[in-house]
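I opened my notebook and pulled up the sequence and the 3D view. I want to look things up one at a time and jot down what turns up.

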Number of protein chains: 2
Amino acid sequence: METKNDGPKQEQRLTKKGKETRARIVAAAAKLMFERGVAGTTVEDVQREAKVSASQLYHYFQEKRELVHAVILFQTAQVLSAQEPLLSHLDSIDALWSWRDAIVSLQVERQCRGGCPIGSLASELADSEPVARAELASGFMKWELAIRGGLIAMHERGQLRGDAEPERLALALLTALQGGLLLTQVHRETSPLEVVLDAMLAHIGSFAQS
Amino acid sequence: METKNDGPKQEQRLTKKGKETRARIVAAAAKLMFERGVAGTTVEDVQREAKVSASQLYHYFQEKRELVHAVILFQTAQVLSAQEPLLSHLDSIDALWSWRDAIVSLQVERQCRGGCPIGSLASELADSEPVARAELASGFMKWELAIRGGLIAMHERGQLRGDAEPERLALALLTALQGGLLLTQVHRETSPLEVVLDAMLAHIGSFAQS
DNA sequence: GCTATTATGGATTATAAATTCCATTTTTGA
DNA sequence: TCAAAAATGGAATTTATAATCCATAATAGC
């Protein structure tokens, strides 16, 4: 008995064109769900945005839930790759401040709209969709690990005092960022994001040593 | 020409019984919207939970949006009054730590579900409902002012150094709290909340003087 | 007590949204 | 080249949900 393709409806085999269409659907859904939330985005909206028919969409995704699943993976990858250039060098106090500035600037560009692409999905889905919650938690964890990497490097290099706890600082920093993005979205100004990141970086800075 | 009751559909006059029914509807809606989100809560759900008929609900609220409006005011008042005992004495480092502990304990009780009643509404509505966004911003502002009050008192009393900026610290603290509640909800454990509040309180503590 | 106002019951309507269906075209791989 | 598999078009169906309607009961204020 050969292994069958069961599990979570593994898509059989996608042709090149098929992959493109699928990708277009996911990108369209991600865009709309970022702007209007998951519940605020109908599959018809997604069809229009991606220029596909209903049968196409349901050919690639059994149901809306599955599309949401794909959007979570997409956004997680998106955020991490967008942050990559900064995250991979987040191993000095200066780099942390540059990172802070880049994030604030991005929110200014976005006119403080949307919040965090992962955070807003998380807020909407965490309590009602267990699978989505777990995937989002895993997305946050990857982000956290990327931040942690730099702090650990600083710690090992002796740029942070021995009593600094890079793991806790990394989690606190990401958490503060999430709060900052939320309140910035609500107040439509970047000050919450700025003050919370400033405070966290000052805190981390208090562990710095030559 | 006498002033007419226009504007946002001011409810005419409510009898005692009417007020009770209305309050029951709002409380039911608030409960469900906290658990399932606004879009995830149908007005039929609210009817069931509040034990009222459709005509009752639409007698007190023109449309769902108006009910949501009432829920926002309700939750804001709810959170502030629940926090009141602690917020009104948030004027020492010890009091800040007690407040931290109380919040963490509450999340443990709630099994890390739900997040912040105001924050989750904010995340869902901020970008799509301008009126709601403004009301939520105002709710957060009240909360921020309550926190700020204690820090300013400490500052004036000389318990915080002159270069401490109570206004910024208060906003940063509330912002950090929001991030903590969100990540705690996603990870289903209180560590994000703990580490971010610990970091913020340590930061505030670094301004302390006898 | 009487009348205007408010409150309630519950069926009904209208619409929006998710999902299915079947026919047709395109692509793949032997 | 040709059959099987994949991709697409678009209408049709079903279900969920918001909102309306009209009749009846309760209450307030004179």
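Before anything else, I needed to know what a helix is here: a DSSP run of H or I at least four residues long, with helices numbered from the N terminus. I also noted that this is a predicted model.

**Entry 1: the DNA side.** Which helix gives the most to the surface near DNA strand C? I found that it is H3(B), with four residues. I then listed the helices that each supply at least two residues there: H1 (16–36), H2 (43–50) and H3 (54–60) from chain A, plus H1 (16–36) and H3 (54–60) from chain B. There are 24 residues around DNA strand C, and the ones that come nearest are A:Thr42, A:Ala54, B:Gly18, B:Thr21 and B:Ser55. Sorting this surface by class, I got eleven polar, seven charged and six nonpolar residues.

**Entry 2: the record.** I checked UniProt, where an unreviewed entry puts a "DNA-binding region" at residues 42–61 of chain A. In the model, that span is 75% helix and 0% strand, and its end C-alpha atoms lie 14 Å apart.

**Entry 3: two copies.** How does chain A go onto chain B? I saw that a turn of 180° with a shift of 0.0 Å along the axis lays chain A on chain B, and the RMSD is 0.0 Å. That is how a two-fold axis relates things. In chain A, the C-alpha nearest the axis belongs to A:Gly179, at 1.8 Å from it. Both copies use the same surface, since 100% of the contact residues of chain A recur in chain B.

**Entry 4: where the chains touch.** I counted 43 residues from chain A and 43 residues from chain B in the contact. On the chain A side, H1, H6 (117–125), H7 (130–156), H8 (166–187) and H9 (191–205) each supply at least two residues. H8(A) has the largest share, 14 residues. By class, I got 19 nonpolar, 17 polar and seven charged residues on that side.

**Entry 5: a closer look at H8(B).** Is this helix mostly covered or mostly open? Mostly covered, I found: 20 of its 22 residues are buried. I tried a length check too: at 1.5 Å a residue, the 22 residues of H8(B) (166–187) should span 32 Å, and the end C-alpha atoms are 31 Å apart, so the two agree. Right after H8(B) comes B:Arg188, and its phi is positive, near 60°.

Conventions
Residues numbered from 1 in each chain as written. Chains lettered and ligands numbered in written order. Predicted model: local features only at pLDDT ≥ 70, side-chain atom pairs only at ≥ 80, totals over all residues. Near = placed C-beta within 6 Å. Nonpolar A, V, L, I, M, F, W, Y, C, P; charged D, E, K, R; others polar. Least-squares fit on C-alpha atoms with pLDDT ≥ 70 in both. Contact = placed C-beta atoms within 7 Å. Expected span 1.5 Å × (residues − 1). Buried ≥ 20, exposed ≤ 12 C-beta atoms within 10 Å, placed from the backbone. UniProt positions renumbered as here; feature names shortened; annotations may be inferred.
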